[in-house]
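Me: I should like to go through the reasoning behind the terms applied to this structure. Please set each value against its criterion.

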Amino acid sequence: MNFTPMAFIDNLYYMGMGMLSIFGVIAIIIVMTMLLNLIKLPAKKDKDQK
């Protein structure tokens with residue numbers, strides 16, 4: 001087994017792209033959840049109007 005520190009440096013690109021894609025998927029899930037909440041919210045009624 002060889003110890004090659006440059007292999008870590010070479011793989012930083014792939015690790016960065018993986019992290020970016022994970023954050024992208026999380027952002028999409030958050031936005032979709034917010035949109036669904038806006039669409040499905042029932043109309044708020046005032047306390048005076050029953």
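Me: What makes Asn11 the centre of a kink in α1?
Reply: In this predicted model, α1 has a kink of about 35° centred on Asn11. The bend is the angle between an axis fitted to the seven residues ending at a residue and an axis fitted to the seven starting there.

Me: How do you know that the span of α1 agrees with its number of residues?
Reply: The expected span is 1.5 Å times one less than the number of residues. For the 36 residues of α1 this gives 52 Å, and the end C-alpha atoms lie 53 Å apart, so the two agree. Helix α1 covers residues 5-40, and the protein has one helix and zero strands.

Me: Why is the pair of Tyr13 and Tyr14 called edge-to-face?
Reply: There is one aromatic pair. The ring centres of Tyr13 and Tyr14 are 5.4 Å apart, and the limit for pairing is 6.5 Å. Their planes stand at 75°, and because planes over 60 degrees apart count as edge-to-face, the pair takes that name. Both tyrosines are exposed.

Me: Why does Met32 count as partly exposed?
Reply: Buried requires under 20% and exposed over 50%. Met32, in helix α1, has 46% relative accessibility, so it counts as partly exposed. Of the 50 residues of the protein, 0% count as buried.

Me: What makes Met32 eligible for a nonpolar surface patch, and which residues join it?
Reply: A patch residue needs over 30% relative accessible area, and Met32 has 46%. Its partners are Ile28, Val31, Leu35, Leu38, Ile39 and Leu41, in a patch of about 730 Å².

How values were computed
Residues numbered from 1 in each chain as written. Predicted model: local features only at pLDDT ≥ 70, side-chain atom pairs only at ≥ 80, totals over all residues. Heavy atoms only, no water. Helix = DSSP H or I, 4+ residues; strand = E, 2+ residues; numbered from the N terminus. Buried < 20%, exposed > 50% of the residue type's maximum accessible area, 1.4 Å probe, protein only. Patch = residues over 30% accessible without salt bridge, like charges linked within 9 Å, V, L, I, M, F, W, Y side chains within 5 Å. Areas by Shrake-Rupley, 256 points an atom, 1.4 Å probe, with all protein chains shown as cover. Salt bridge = Lys/Arg side-chain N within 4 Å of Asp/Glu carboxyl O. Phe/Tyr/Trp six-rings, centres within 6.5 Å; stacked < 30°, edge-to-face > 60°.
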